[in-house]
Amino acid sequence: GWTDGALPFSFATGPQQADLNSRMKRVTPTVYLRHEFQITAPQASSSGNVALNVSARDGYLIFINGIEVARADLGAPGSWVFHDQRAHFSRGQTTDTLNLGPASALLQPGTNLLAVLHANDAVTDEELYDGHLPVPDEIHFTINSMTIGGSGIALNTAPWRYFVGLT
């Protein structure tokens, strides 16, 4: 089932991080993340653009309130992504600033849901190693910030939930 965790999600472990290494490495390329966050009525009706600043290694697919808002290395927008699908290639650690359009078209007053599928490009030992040297933190995903018209939205007021993909 779904487990509580904290950003960033990676193979590294720390006092507040989930141990994805033992649950994903050599098992599955995917992890699903979800987070509920609160939006006020003035924020939800704003014509200001929603922006996400995302750091990720490999591919991701992001939804807000059930609407696909961004993807990287997982095919064309709106295309199907399988539960065991790998990212098309490794982008290395990349930071993307995503302009998602006006808040009024995406958010609602009260509880909103941010959902993410993150996909590695590798699963097995052979794929996780590059010339006999281990590739560090083969999975890494975090949302550095979310803004509406330049004003920050708190995304760490409640735990993130995660589910390691199936094989």
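Which side chain meets that of R71 in a salt bridge? The partner is E68, and the N to O distance between the two side chains is 2.8 Å. This report describes a predicted model, beginning with the chain as a whole and then turning to charged pairs, selected residues and a pocket.

**The chain as a whole**

The protein chain has 167 residues, and 44% of them count as buried. Its secondary structure consists of 3 helices and 13 strands. Among the contacts with a sequence separation of 6 or more, 80% are made by residues 24 or more positions apart. The accessible surface of the chain is about 8,100 Å². Carbon and sulfur atoms account for 53% of that surface.

**Salt bridges**

Side chains of opposite charge can pair when their charged atoms come close. In this model the count comes to 2 salt bridges. The table sets out both pairs.

| Pair | Closest N to O distance | Citation |
|---|---|---|
| R161 and D4 | 2.6 Å | salt bridge |
| R71 and E68 | 2.8 Å | salt bridge |

The pair of R161 and D4 links distant parts of the chain, as the two residues are 157 residues apart. R161 belongs to strand 13 (residues 160-164), whereas D4 belongs to strand 1 (residues 3-5). R161 has a relative accessibility of 32% and therefore counts as partly exposed. D4, with a relative accessible area of 44%, is also partly exposed.

In the other pair, R71 is buried because its relative accessible area is 16%, which is under the 20% cut-off. E68 has a relative accessible area of 26%, so this residue is partly exposed.

**A second link to strand 13**

Y162 also lies in strand 13. Is this residue buried or exposed? Y162 is buried, since its relative accessible area is 5%. Y162 and G5 are 157 residues apart in sequence, yet their C-alpha atoms are 6.7 Å apart in space. G5 falls within strand 1, whose residues are 3-5.

**Strand 6 and the loop before it**

N65 is found in the loop between strand 5 and strand 6 (67-72). Most residues other than glycine have a negative phi. N65 is not a glycine, but its phi is positive, at about 50°. With 25% relative accessibility, N65 counts as partly exposed.

V69 is located in strand 6. Its relative accessible area is 22%, so V69 is partly exposed. Which residues does V69 touch, not counting those up to four places away in sequence? They are I62, F63, I64, L100 and L106. One of these, L100, is 31 residues from V69 in sequence, while the C-alpha to C-alpha distance is 6.3 Å.

**The largest pocket**

The largest pocket holds about 150 Å³ of space. Its lining is formed by W2, Y32, L33, R34, L61, F63, V81, A115, V116 and L117. Three elements give two or more residues each to this lining: strand 3 (30-39), strand 5 (59-64) and strand 8 (110-119). By class, the lining has 9 nonpolar residues, no polar residues and 1 charged residue. The charged residue is R34, because Arg is counted as charged. F63 appears in the lining of the pocket, and F63 is also among the residues that V69 touches.

Conventions: Residues numbered from 1 in each chain as written. Predicted model: local features only at pLDDT ≥ 70, side-chain atom pairs only at ≥ 80, totals over all residues. Heavy atoms only, no water. Salt bridge = Lys/Arg side-chain N within 4 Å of Asp/Glu carboxyl O. Helix = DSSP H or I, 4+ residues; strand = E, 2+ residues; numbered from the N terminus. Buried < 20%, exposed > 50% of the residue type's maximum accessible area, 1.4 Å probe, protein only. 1 Å grid on protein atoms, 1.4 Å probe; cavity = no way out; pocket = protein on both sides within 12 Å on 5 of 7 lines; lining within 4 Å. Points joined across faces, edges and corners; volume = space filled by probe spheres on them. Contact = heavy atoms within 4.5 Å. Areas by Shrake-Rupley, 256 points an atom, 1.4 Å probe, with all protein chains shown as cover.
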